[in-house]
Amino acid sequence: MLSLVIVAVLNKSIGVFYKLSNKTILPDLFAPVNIQIVNGYQTQIRQLAIVSATMLVTMALLWVTPATLILIMGIAFLVSAGLDWQFRTRSNLSSDSVVTVKLDRHRSWPTWSLLYAVLGYLVDATIAVAVPWLVVSKLHSHWPLSWFLTANATGILLAPLLLKRWSKQSLLTLTAFTGGCLLLMWPTFASLMITMFLIGALRGQINISFFTTIQQIPTNNRNILMTGVLTVIDTTTVIGSLLAPRLILMLGSWTLPLLGGGILLFCLTRLIILLNNQKQSSSDIDENC
């Protein structure tokens, strides 16, 4: 048992540090105007890799023992780490020629962007628990879950293409649409199939926009900034996973719709405040003129 705990912790830690390195290095490798495009490609490649790896591991277990497969995966990770080191070396050599995007003082720290990301990761954690529960307890089956997960992965994979025109939409707008999708997540096959696809597409675009915003912040130590950001969102995922079963016990099938309603209400309130602030600013300018 102790060995399993140690391996699980090390495995998750390696994943977190690898993600930290990956997200930190991108602004040094690519021009700021291309970061969003690169994040889009990265999202597609990552989702395709997850789907492909799942299929390959499942098939490999038919012929290879688990211990051998773990050894192969470890060797593959070492190769990946070597490639990552080459990218980091390249970034150090080219850092002097990189142009940093200057953001105005009102966007020096994207507090609201981080809050929208927290809401998004709470949604991810709740769906990860609630959808399997709905499939078993309400649809009285287990095979639809594979279809729902496939629809969600397809949405994430196609997000940069399907929402290309939405790449300029604010995180507030994307988060509001996510809440709207949750309102429609009722325990029927058609409803869950469609909404899981839409949630995947929206969450894919939100991740692209969020990390692009973070990576464009001018800072002397991007590693510390990304460490703080990843700590917040990973902690959110853990908290969401712990709270989701309690919400399901209290709310049952209403869990996802009520969560969506709460998110939508929050976004509408935030939008009203922003519009009022803009009107106030316009009134002040008119008075000064």
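**Notebook: Ser 113 and the helix packing**

I looked up Ser 113 and found a relative accessibility of 15%, which counts as buried because the cut-off for that class is under 20%. I note at the outset that the model is predicted. Ser 113 is part of helix α4. I then listed its contacts, leaving aside neighbours within four places in sequence, and obtained Leu 171, Phe 210 and Thr 213.

**Entry: the chain as a whole**

I checked the secondary structure and recorded nine helices and zero strands. Along the sequence I read the pattern α-α-α-α-α-α-α-α-α. Of the 289 residues in the protein chain, 35% are buried. I also took the contacts between residues at least 6 apart in sequence: 81% of them join residues at least 24 apart.

**Entry: α4 against α6**

I followed Ser 113 to the packing of its helix. How do the axes of helix α4 and helix α6 cross? I found that the axes of α4 (residues 111-137) and α6 (residues 171-183) come within 10 Å, at roughly 25 degrees. I therefore entered α4 as roughly parallel to α6, since angles under 35 degrees fall in that class. Their crossing is left-handed.

I next listed the residues of this contact. Helix α4 contributes Ser 113, Tyr 116, Leu 119, Val 123 and Ile 127. From α6 come Leu 171, Leu 172, Thr 175, Thr 178 and Leu 182. By class I counted seven nonpolar, three polar and no charged residues where α4 meets α6.

**Entry: α2 against α7**

I turned to helix α2 (residues 35-60) and helix α7 (residues 189-215), which pack at an angle of about 140 degrees with axes 9 Å apart. I entered α2 and α7 as oblique to each other, because the roughly antiparallel class begins over 145 degrees. The crossing of this pair is right-handed.

On the α2 side I found Ile 35, Gln 36, Asn 39, Gly 40 and Thr 43. They meet Gln 205, Ile 208, Ser 209, Phe 211, Thr 212 and Gln 215 of α7. I classed the residues in this contact as three nonpolar, eight polar and none charged.

**Entry: α1 against α2**

I looked up the packing of α2 with helix α1 (residues 2-29) as well. The two pack at about 145 degrees, and their axes are 10 Å apart. I noted a right-handed crossing for α1 and α2. Asn 22, Lys 23, Leu 26 and Pro 27 of α1 meet Ile 35, Val 38, Asn 39 and Gln 42 of α2. By class this contact has four nonpolar, three polar and one charged residues.

**Entry: Ile 35**

Ile 35 is listed in the contact of α2 with α7 and in that of α1 with α2, so I examined this residue separately. Is Ile 35 buried or exposed? I found it buried, with a relative accessible area of 4%. Its place is in helix α2. Apart from neighbours within four places in sequence, Ile 35 touches Pro 27, Phe 30, Thr 212, Gln 215 and Gln 216. I recorded a C-alpha to C-alpha distance of 8.3 Å between Ile 35 and Gln 216, which are 181 residues apart in sequence.

**Entry: cysteines**

How many disulfides does a search of the whole structure find? I recorded zero. I also looked up two cysteines. Cys 181 is buried at a relative accessible area of 10%, and Cys 267 is buried at 2%.

**Entry: His 140**

I noted a phi near 55 degrees for His 140, a positive value in a residue other than glycine. Most residues other than glycine have a negative phi. His 140 lies in the loop between α4 and α5 (144-162). I entered His 140 as exposed, because its relative accessibility is 65% and the class requires over 50%.

**Entry: Pro 245**

I located Pro 245 in helix α8 (residues 222-251). With a relative accessibility of 35%, Pro 245 counts as partly exposed. I then compared its position with that of Trp 133, 112 residues away along the chain, and found their C-alpha atoms separated by 9.3 Å.

How values were computed: Residues numbered from 1 in each chain as written. Predicted model: local features only at pLDDT ≥ 70, side-chain atom pairs only at ≥ 80, totals over all residues. Heavy atoms only, no water. Axes fitted to C-alpha atoms, helices over the stretch in contact; angles between N-to-C directions. Helix = DSSP H or I, 4+ residues; strand = E, 2+ residues; numbered from the N terminus. Parallel < 35°, antiparallel > 145°, perpendicular 65-115°, else oblique. Left-handed = near helix turned anticlockwise from the far one by under 90°. Contact = heavy atoms within 4.5 Å. Nonpolar A, V, L, I, M, F, W, Y, C, P; charged D, E, K, R; others polar. Disulfide = S-S within 2.5 Å. Buried < 20%, exposed > 50% of the residue type's maximum accessible area, 1.4 Å probe, protein only.
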